[in-house]
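Thanks for coming, everyone. I'd like to walk you through one model today. Please have a look at it first.

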Amino acid sequence: MLDELRPPHVPKAVIRAFAEAFYGISGDLTPMEGERDLNHRIGHGEGGGFILKLCQPAEGVAIPECQAAALEHIASVDPSLPVPRLVRARDGSMLSSLSHGGIDYPVMVLEWLEGRVLGTGTLRAPRLFELGSMLARLGLALRGFVSGAPAQRELVWDTSRVSHLAPYISCLDPQDQDMANRILAFHAGVTAPAMRKMRSQIIHGDIHPYNVLIQADGQVSGLIDFGDMVHGPLILDLANAASDFLSPDQKVEETITALVKGYHSVIPLEETEADALVDLIQVRLLMTPLIDALKRAHGISPQGYFEGFNGRSLPMIRALEQFGIERLRSIIRRAAAFPAQPSRHPATLGDAIARRRRVMGEKLYVFYDPPLHIIKGEGVWLTASDGRRYLDCYNNVPHVGHCHPYVTAAIARQAGILCTNTRYITDQSVEYAERLVQLAGDDLTAVVFVNSGSEANDLAWRMAKAFTGSTGGLAMDFAYHGVSEAIDAFSPSNSPGHWNAPHVRLLPPPDTYRGPYGSEQKDAGQRYAALADPLIDDLFQKGFGLAAAMIDSAFMTNGMLDAPAWYLAGIVQKVQAAGGLFIADEVQSGFGRMGSAFWGHSHHKVKPDFITIGKPAGNGHPIGAVITRPDILSHFLSFGPFFSTFGGNNVSCAAGLAVLDVIRDEELVDNAYHCGNYLREGLRDLMDRHAIIGDVRGVGLATGVELVKDRANKNPAASETARLLSLLRDEGVLIGSEGKFANILKIRPPIVFTRDHADLAVAAVDRALARL
Ligand code: PMP
């Protein structure tokens, strides 16, 4: 590894004679600088001629062979890329061999490339852009080049091997040692692991101003010296260049922006590459003084331009630190067209809470004490800022899994094409409406887009009143349907004990565990449904009539009730017989949540007049819609136009379409059915060990576990439930609570939940209950 740091010594006369004999070239020999090879220009007068490289024999022949083959490969892939052309020997071979003093030196001859070495000169922004794009072209040209040699090479200058230089930190001035340790520690902990997943290939490995040629007008005219080719992350060529083209007195922002933009214009950077660039620049800068120390430790005196580099490296690192590493990272992200990231890691959770309080109000409505600071979601997992992963058994908005790559790609793609409103004809909104109509079936063939579940319910309620001419409504006791004033009337859970809506009557929930009729009663469904009769009569008596009943088929706020057969059918039949309409609020129960069918109302075998959707439809992207009969919509529009600015925008619809694709392609409705049953079996098994579990119920992936102080009198175990949620958080499992008494565990995960996840959740509930 160290012999390679000394160039060979061979007399000029020997080289001259060899060039004539083996290549048929002659002329004056001018020595040129090289760290490991002995290089001469051979030519007459100014300009033109050849370079003869006598390669470092300690490295063997594989590397020069690879270098020669790479140059021929580049010439064939991107002929106009200004890199040296290989000159083959008279016998047609790419390399020849010169014997001198008992040593065989591999020899390579290249055509002279016009231009002068940039050296200590600087480049202005447009030229840096040019250089960046040239580096990317070089990366593309080498992409298909295969050779084993660079991967096996142990090169001190290879950034991937920087950890080998750590022992030389002690040779730096004491005030620089802390900085160097910090840079290498960050690199080892963050960037080095990321590099293992980056695009990698054979790269140039040594782009700096002495390997860049420019013309008289300042244009970049060549990239030379392929002697340091390694197999490594593609981004290293850009990082190496940036480290040496930055200078403490030149504008950092301008330099880095131009280089990155130029590169990005040919090869779009990946986000991990963009985020690693600052660190790779710092590491490259640090390598120079460390290699200097290594050389000195082995008695090799530094030569030529290396000294210049060495003198500027540490000041440049300091200049970058002063400039701001995070600031530089954001500049690079911007240049590579990645959106700015919020500053993600306040020093402590306390800081994060205080920061939110300052701008989002003192009264934090957040789960858990202390709250969770979540920074990433993936599938059924959420990651907190302390690095801990939590199994998400609670969130139904990321229906097909947090940040499902198919959905995020659809959103990103559409955001780059068009995002406008439904007052134009746009393909995405029409296609999404068609898909929804197809899923809704029967005569529900009209779709109106809004932005949330609340808006969808609000609009459906307005349409129902307009169509029926009545103003009375029916809702489930303790239901939730949204935030608007009109829908607050259908959401008694918003204001327990204070609910007051004279025009709405509340149905007693069909709760076979706690209510008057148990599941053992064959006609429990009919009996619960019959409780609607006096309420409907009362609405008519008070002059409201009945415009609509609004019901969530999953009975989520009531604690995931598994309503008895015929209950909902009975209610719908009574409502429609009274001239009212049925609004199936599918915000919770739709999109396969219930496992047995795509829609919750289909699970109950009823036909609604409205389907309202929200939450899961966009997997986190806001979407709301009302799907109804065309006659109901036409009647509503006869009073005036309806338009929702963001409703049905192209990006939301692209998200919605992608969610539907994923549900179909990954067979998630079926998954919700089987996985939900499996989960409940596991939870029911816990009843033998934990008397606090009074009931386990639910449908598909909507599961309720009702906790009671004792099974005989069913006293709700509310405070125990609250403590259990916190113990479950300690177990790394996120579960919520529901019900009038807040004593029901709500297990409602993304429907990509698997049996393995169910096992984890059940085991955690078991352990947490044991600790309770
Ligand atoms: N309906 C039901 C059944 C819901 O659960 C919710 C939200 N939890 C809504 C409507 C309101 O949806 P949004 O929050 O999107 O307005």
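Let me start with a definition. The expected span of a helix is 1.5 Å times one less than its number of residues. Keep that in mind for helix 14. One caution before we use it: this is a predicted model.

So, helix 14. It covers residues 453–468. It has 16 residues, so at 1.5 Å a residue it should span 22 Å. The C-alpha atoms at its two ends are 22 Å apart, which agrees.

Which residues of helix 14 are buried? The list is G453, S454, A456, N457, D458, L459, A460, W461, M463, A464 and A466. A general point helps in reading that list. An α-helix has 3.6 residues a turn, so residues three or four places apart point the same way. Just past the end of helix 14 comes G469, with a positive phi of about 75 degrees.

Now the ligand. What surrounds it? From the earlier part of the sequence we have S452, G453, S454, N457, Y480, H481 and G482. Then come D585, V587, Q588 and K615. By class, that shell splits into two nonpolar, seven polar and two charged residues. Helix 14 gives the most to the shell, with three residues.

Three atom pairs deserve a look. Start with Q588: one of its polar side-chain atoms sits 2.7 Å from a ligand oxygen atom. Next, G453 brings a backbone N or O atom to 2.9 Å from an oxygen atom of the ligand. Last, K615 has a polar side-chain atom 3.1 Å from a nitrogen atom of the ligand. How much of the ligand does the protein cover? On its own, the ligand has 390 Å² of accessible area, and the protein covers 82% of that.

Let's move away from the ligand, to R435. This arginine is in helix 13, residues 427–440. Buried or exposed? The cut-off for buried is under 20% relative accessible area. R435 has 18%, so R435 counts as buried. What does its side chain meet? There is a polar contact with the side chain of D661, at 2.8 Å. Beyond its neighbours within four places in sequence, R435 is in contact with L657, L660, D661 and R664.

One more helix, then I'm done. Helix 10 runs over residues 325–335. Its buried residues are I325, L328, R329, I331, I332, R333 and A335. After helix 10 comes A337, where phi is positive, near 65 degrees.

That's it from me. Over to you.

Terms used
Residues are numbered from 1 along each chain as its sequence is written. This is a predicted model: local features need pLDDT of at least 70, side-chain atom pairs count only at pLDDT 80 or more; totals for chains, interfaces and linings use all residues. Side-chain values use heavy atoms; hydrogens and water are left out. A residue is near a molecule or strand if one of its heavy atoms lies within 4 Å of it. A polar contact is a pair of N or O atoms within 3.5 Å; within protein, one must be able to donate a hydrogen and the other to accept it, and residues adjacent in sequence count only if both atoms are side-chain atoms. Accessible areas come from the Shrake-Rupley method with a 1.4 Å probe; for residues, only the protein chains shown count as cover. Helices (H or I, at least four residues) and strands (E, at least two) are DSSP runs, numbered from the N terminus. Ala, Val, Leu, Ile, Met, Phe, Trp, Tyr, Cys and Pro count as nonpolar, Asp, Glu, Lys and Arg as charged, and the others, Gly among them, as polar. Buried means under 20% relative accessible area, exposed over 50%, partly exposed in between (1.4 Å probe, protein chains only). Contact means heavy atoms within 4.5 Å.
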